[in-house]
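Student: I am new to this structure and would like to look closely at one part of it. Could you walk me through it?

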Amino acid sequence: MGNVLVIMADELAREGVGCYGHSHVFTPHMDRLAARGMRYTNAYTPSPVCVPARASFATGMHVAQTRCWSSAEAYHGQFPSWAHALAEAGHEVSSIGKLHFRSADDDNGFANEIRALHIRAGVGFTHGLLRRERDLFDAAHFAEEIGPGDDPYTRYDIGVADDAVKWLRRPSGSRPWALFVSFLRPHYPLTCPPEFFGLYHPARLPVRKTDRLGAASRHPVLAAFRAYYNYDEAFPDEHARQVARASYFGLCSFVDHQIGRVLTALEQSGHARDTTVLMTSDHGELNGAHDLWTKMTMHEESVAVPLILSGPGIAAGQCDAPASLIDAYPTILRAAGIEDTRAVERPGIALQNLAEDPLAHAERAIVSEYHDAGSITGFFMIRKGRFKYVCYPGFAPQLFDLTADPEEHHDLGLDPAYAQARADCHAALCGELGDPAELNELAFSDQAAVIERLGGVGAILAESQFDFTRVEA
């Protein structure tokens, strides 16, 4: 049985990794890992927000299966994770850094949770449950916390890397091991260490992809979302937006540096040859694209993630077959030499299998969901072939031809010429998840129960809002 090192960044978009074709980004350590391993070019998150995505990553299940719909409905060991499977097979399994599960008091599968960060007070962001209530969000701070400077998130990540280096350098025993190293960066606040901010001149960055045709603004669901998370309106001018973008890329370089420290420690430990390394992110970052920031939409910048696999038996190259973070579960078990004997439906496919026969999986359908703050109905996305289809129960869908329109400017959701494409995509979505309308009502029903348990709408409105989990570092 082999060792497994899983590295996760937070909010790292493909645009933030140089080896994905973005030469303006300085990420030498992730690029080097990709050069000696397999880089997956069409990988997606099961949900473009932390808590549901991480529950799916842990369990290999869709959000509709875990029913961890929002940032206030976190994983708490209710389904066995890959960590549970490896521990039961005899591996030493530890985590260092952000988990964003409910609590360290739950059985999350790890024997040790070092420097663990879970949802706030075991409850999380409860305002996100009030999806059909009038609940305004103050986004002004986002545009203020940009540029060079120090931040607790930065200090936390340095500590995560410090602990991971110590863990990998300790005397090794006879048991195989699995280590999950999870960073906060490049997640906002976009305050960036000066030495990394200095790598990027705001005026020399690529021009951001704006919503020049107003497609998102016209769709009622996205208009409601934009009205809630109005980050873009908080910026005083375009220069400030470019400073924010430079900060984001600087934080990508910062987290790459921490990943490099961990990979160096692995090499120095003598275990590099018998360790599989899986590197990814929980979701992406819009970074000003479509006049939006953070994540939580089905745009490529938000749902597409970097995904790299390296280690024994992994050929160097790239795999274009569609992939998902739910594939981590079978991938990690295969790398560890473990058979999954649990009677739980897991729709993922081992990344090793995708790379070995990409053509067989070329038309695979990949789904993502969003049921959190700012969504007056559920967002259900399916990527199949050249098309991306987004179902909004009760509202018109969206359809994008990513081959002809990779920047997603032309919404074909109401175009009569694409009626069959929409029907095919909807049928495929139902085949993967079930009826989106029924799942949408299930999500609202589950969330209504949580709202009642927390004391009702008034009690939640009385709580302070936040859009990222604070740390003490």
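Student: How many bridges join β13 to strand β14, and in which direction do the two strands run?

Tutor: Happy to help, and please keep in mind that this is a predicted model. Five bridges join β13 to β14, and the two strands run antiparallel. To find them, look for β13 at residues 366-370 and for β14 at residues 379-384. One pair to pick out is Y370 and F379: F379, in β14, is the bridge partner of Y370.

Now widen the view to the sheet around this pair. Four strands form an open sheet, and they follow the order β13-β14-β15-β16 with antiparallel pairing. The edges are β13 and β16, the latter spanning 398-401, and each of these edge strands pairs on one side only. Neighbouring strands of the sheet are turned against each other by 15 degrees on average, direction ignored.

With the sheet in place, you can turn to the open spaces of the model. The largest pocket has a volume of about 660 Å³. Its lining is made of 25 residues, and H22, K209, E300, E301 and P406 lie nearest the centre. Sorted by class, that lining holds 10 nonpolar, five polar and 10 charged residues.

The second largest pocket holds about 320 Å³ of space. Here 17 residues form the lining, with A72, E73, A74, V450 and R453 nearest the centre. Helix α15, residues 436-453, gives the most to this lining, with three residues. By class, the lining of the second largest pocket has eight nonpolar, four polar and five charged residues.

Definitions and conventions: Residues are numbered from 1 along each chain as its sequence is written. This is a predicted model: local features need pLDDT of at least 70, side-chain atom pairs count only at pLDDT 80 or more; totals for chains, interfaces and linings use all residues. Side-chain values use heavy atoms; hydrogens and water are left out. Two strands pair if DSSP finds at least two bridges between them. Axes are lines fitted to C-alpha atoms, for helices over the stretch in contact, and angles run from 0 to 180 degrees between N-to-C directions. On a 1 Å grid over the protein atoms alone, a cavity is a set of points where a 1.4 Å probe fits but cannot get out, and a pocket is an open set with protein on both sides within 12 Å along at least five of seven lines; lining residues have an atom within 4 Å of a point. Grid points are joined across faces, edges and corners, and a volume is the space filled by probe spheres set on the points. Ala, Val, Leu, Ile, Met, Phe, Trp, Tyr, Cys and Pro count as nonpolar, Asp, Glu, Lys and Arg as charged, and the others, Gly among them, as polar.
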